[in-house]
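Trainee: Could you take me closely through one part of this predicted model, namely the region where its domains meet and the pockets found there? I would like a single connected account that I can follow with the coordinates open.

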Amino acid sequence: MGDYPVLPAKSLKSGVELHKIVDENKEQLLGQKCIEKFGGVIPFLLKILSIAKALPLQLHPNKDLASKLHKENPKQFTYDNHKPEIAIAWGHFEVFAGWMPTSEIQALFDSLPPLQKFLPNKQAKCDNETLRSVVETKLKPSDESIKECQRELREIPRENYGKHTYVLDILPRLQDQYSIEDPANLVVLLYVPGTPPPLFSTMNFLTLPASSAIHVPADCPHAYLSGTIAERIARSNNVLNTGFCPRASRTNISLFTSAH
Ligand SMILES: O=P(O)(O)OC[C@H]1O[C@@H](O)[C@@H](O)[C@@H](O)[C@@H]1O
């Protein structure tokens with residue numbers, strides 16, 4: 001719901017699109033402050049989502065990147081704005097959001113020597129740069145290596161997953177919803193092709209009870225898995241999808257990894 005030109009809200013009575021109504025009644029509907037700050041448009045969108053199948057693994061570019069992308073490709077990036085969002089759970093809501101702290105990922109690199117060969121050099125610490133290159137590697141492996149890793153993952157005994165046993169519950173579901181070739185399964189989990197299967201995840205997995213909320217800032221990777229939510233979003237629909245979506249929509253992998 002909103003006056004964004006893509007799927008705009010309409011008046012129930014007249015069928016007139018909301019942006020036309022707002023345009024003709026700016027002072028009354030928006031007020032002077034809002035007009036000055038946001039240029040005479042409703043600055044946010046409201047969405048009610050009932051999610052049965054995971055939504056794409058994605059992020060919304062920050063203002064600078066959004067305006068650059070809009071200039072270069074206005075067809076795909078239809079507005080020059082960022083898109084931070086707040087999602088309020090109406091019931092049990094499952095979400096992957098943001099990377100785990102690099103210190104935690106570092107501890108995993110330290111305790112699992114085979115992973116160390118993927119560090120840019122032996123002394124490298126798991127900082128943002130290292131994480132970026134690991135994620136990029138995970139988004140680009142061949143279908144075969146993705147499949148193989150996910151088969152192996154399903155076979156690891158539950159007790160080996162420590163506090164990350166939810167992986168075993170979620171993975172088969174995501175594989176059924178999309179495919180065993182979908183690389184997003186490997187991004188939410190820390191996996192590097194050619195290493196033993198991972199025993200942990202890369203992204204924070206959250207389950208929110210009704211009435212709690214999550215703020216997802218610009219540039220923050222996220223995948224909403226299930227639940228009914230109300231979302232308030234800055235006025236934009238710019239998105240970089242990299243998984244849990246058809247192959248053709250898995251665009252901009254390098255932008256995705258360089259944006260955060
Ligand atoms: O309305 P569409 O484009 O299907 O997106 C639905 C929602 O998906 C989520 O994952 C969010 O990150 C939102 O920004 C978005 O509003």
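Mentor: The domain assignment of this protein, which is a predicted model, gives domain 1 as residues 1-42 and domain 2 as residues 46-259. Seven residues from domain 1 and seven residues from domain 2 take part in the contact. The size of an interface is often given as the accessible area lost when the parts come together. For domain 1 and domain 2 the buried area is about 620 Å², with carbon and sulfur atoms giving 52% of it. On the domain 1 side, the residues that lose the most area to domain 2 are Met-1, Tyr-4 and Val-41, which together account for 77% of what that side buries.

Turning to charged pairs, the rule finds one salt bridge across the interface of domain 1 and domain 2. Arg-235 forms a salt bridge with Asp-3, and the closest N and O atoms of this pair are 2.9 Å apart.

Arg-235 also leads to the largest pocket, whose volume is about 360 Å³. This pocket is lined by 17 residues, of which Phe-38, Pro-43, His-82, Ala-234 and Arg-235 are the closest to its centre. Two or more lining residues come from each of the elements α3 (32-38), β3 (85-89) and β7 (222-234), and β7 gives the most, with three residues. Because domain 1 (1-42) and domain 2 (46-259) both give residues to this lining, the largest pocket lies between them. By residue class, the lining of the largest pocket divides into nine nonpolar, three polar and five charged residues.

The second largest pocket can be described in the like manner, and about 250 Å³ of space lies in it. Its lining is made up of 15 residues, and those closest to the centre of the second largest pocket are Lys-47, Leu-55, Gln-58, His-60 and Lys-83. The elements that give two or more residues to this lining are β1 (44-51) and β7. Here β7 gives the most, with four residues, and the lining as a whole divides into six nonpolar, five polar and four charged residues.

If you follow one element through the coordinates, let it be β7, which gives the most to the lining of the largest pocket and also the most to the lining of the second largest pocket. If you follow one residue, let it be Arg-235, which is among the residues closest to the centre of the largest pocket and which forms the salt bridge with Asp-3.

Technical notes. Residues numbered from 1 in each chain as written. Predicted model: local features only at pLDDT ≥ 70, side-chain atom pairs only at ≥ 80, totals over all residues. Heavy atoms only, no water. 1 Å grid on protein atoms, 1.4 Å probe; cavity = no way out; pocket = protein on both sides within 12 Å on 5 of 7 lines; lining within 4 Å. Points joined across faces, edges and corners; volume = space filled by probe spheres on them. Nonpolar A, V, L, I, M, F, W, Y, C, P; charged D, E, K, R; others polar. Domains from an automatic or database assignment. Contact = heavy atoms within 4.5 Å. Buried area = accessible area lost by both parts, 1.4 Å probe. Salt bridge = Lys/Arg side-chain N within 4 Å of Asp/Glu carboxyl O.
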